Amino acid sequence: MSNGGGSTMTWVVGGCLAAVMLPVVMMVGVSGASSEEDPGPGGAGGGLKDGSVPQSYVPWVLKAGAMCDVIKPAVIAAQIEAESGWNPNARSPVGAEGLSQFMPGTWPNWGKDDDGNGRASPYDPGDAIMAQGRYDCALAKTVEGYKNRGEASGETLDLALAAYNAGPGAIHQYHGMPPYTETRNYVARIKSLIPKYESVDDPPGSIPAGRELAMPLSGNPRVTSPFGMRMHPILHVYKLHTGIDFAAAAGTPFKAARDGVVTFAGWSNGYGNRVVISHGTINGDQISTTYNHMRSRPFVNVGDHVRVGQRVGEVGSTGYSTGPHAHFEVMQNGKYVDPAPWLGLK
């Protein structure tokens, strides 16, 4: 981590290449608001895979990853690997210290005696990981504020990680992801490591009696736009709304409505990040469901066999979308039909 500091070196520690070649940037102060506040949409990275994190660190990673919605445990773990290679004694040439690579000038703002040993030290894993969670969440809140004021754009998680590396001032200065190659590589590396640590296993779901499909979100989400003809909010043409929109915050798990096989997982114009699942033949008809506008990469790949209730991604606002919501579709013999009866809503 540079926190806006500066080094022109790349160093190796704990078997992990940790690039810290940073430009010097002007820093904008980070709000000291409570990290328990939800900084808004844009996160990724759910629970932890068994055995992916050194056992002694698991409680701290889980605790730090529960501070806010954006920074999940798998994000904390991936960031530690990128920063220090899980070496609690790591020290960079510019003086960044410990698992989470705090600079001495930044540590006092975020470090606490979380492990209760009588000192707050970046070399104490518990203290370092919890400080990392607090700082990450504060950065996420800060960059989300930039976005809300029209001063920056981009995924909150990406911008928060970039701010951890280059300082929040760089995000503000460049109205989003700064052009620094090192910072962009840092964000990309952490995002690529998240699947290594992330568990997307969910308890087996079930289809309620009398229905053909389970709700693709937990609980009883509110319908914000039903299936049918409407004025498209972005294209401004009167056309068929091919699914149902449910109210849901960014990051809400988007779940398979029935067992099936993934036939599409990726980017689709208009739909943004999208997953299509084939459920085979139901009552003599070929049925598929789709999950759209997800905020980041799908959690599944083409060819995967999924179970009802399994997370296939997270609610977002990619593609032609005016804000985070869950757009869910049902295709019957290749044609869009009203999902409501299939979900027991009619």
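**Close-ups around helix H4**

**View 1. Helices H4 and H5 cross in a right-handed way.** This is a predicted model. Here H4 packs against helix H5 (residues 156–166) at an angle of about 120°, and their axes lie 8 Å apart. With angles of 65 to 115 degrees counted as roughly perpendicular, this pair falls outside that range and is therefore oblique.

**View 2. Here's who touches whom between H4 and H5.** On the H4 side, look for Gln 132, Tyr 135, Asp 136, Leu 139, Ala 140, Val 143, Glu 144 and Lys 147. Their partners in H5 are Thr 156, Leu 159, Ala 160, Ala 163 and Tyr 164. Sorted by class, this contact has 8 nonpolar, 2 polar and 3 charged residues.

**View 3. Helix H2 also packs against H4.** H2 (residues 73–84) meets H4 at an angle of about 110°, with 11 Å between the axes. That angle makes H2 roughly perpendicular to H4. The crossing of this pair is right-handed. From H2, Ile 76, Gln 79 and Ile 80 reach Ile 129, Gln 132, Gly 133 and Asp 136 of H4. By class, that's 3 nonpolar, 3 polar and 1 charged residues.

**View 4. Now for H4 itself, from end to end.** The helix runs over residues 125–148, so 24 residues at 1.5 Å each should span 34 Å. Its end C-alpha atoms are indeed 34 Å apart, in agreement with that. H4 is mostly covered, with 20 of its 24 residues buried. Just past the helix, Gly 150 takes a positive phi of about 75°.

Key: Residues numbered from 1 in each chain as written. Predicted model: local features only at pLDDT ≥ 70, side-chain atom pairs only at ≥ 80, totals over all residues. Heavy atoms only, no water. Helix = DSSP H or I, 4+ residues; strand = E, 2+ residues; numbered from the N terminus. Expected span 1.5 Å × (residues − 1). Buried < 20%, exposed > 50% of the residue type's maximum accessible area, 1.4 Å probe, protein only. Axes fitted to C-alpha atoms, helices over the stretch in contact; angles between N-to-C directions. Parallel < 35°, antiparallel > 145°, perpendicular 65-115°, else oblique. Left-handed = near helix turned anticlockwise from the far one by under 90°. Contact = heavy atoms within 4.5 Å. Nonpolar A, V, L, I, M, F, W, Y, C, P; charged D, E, K, R; others polar.
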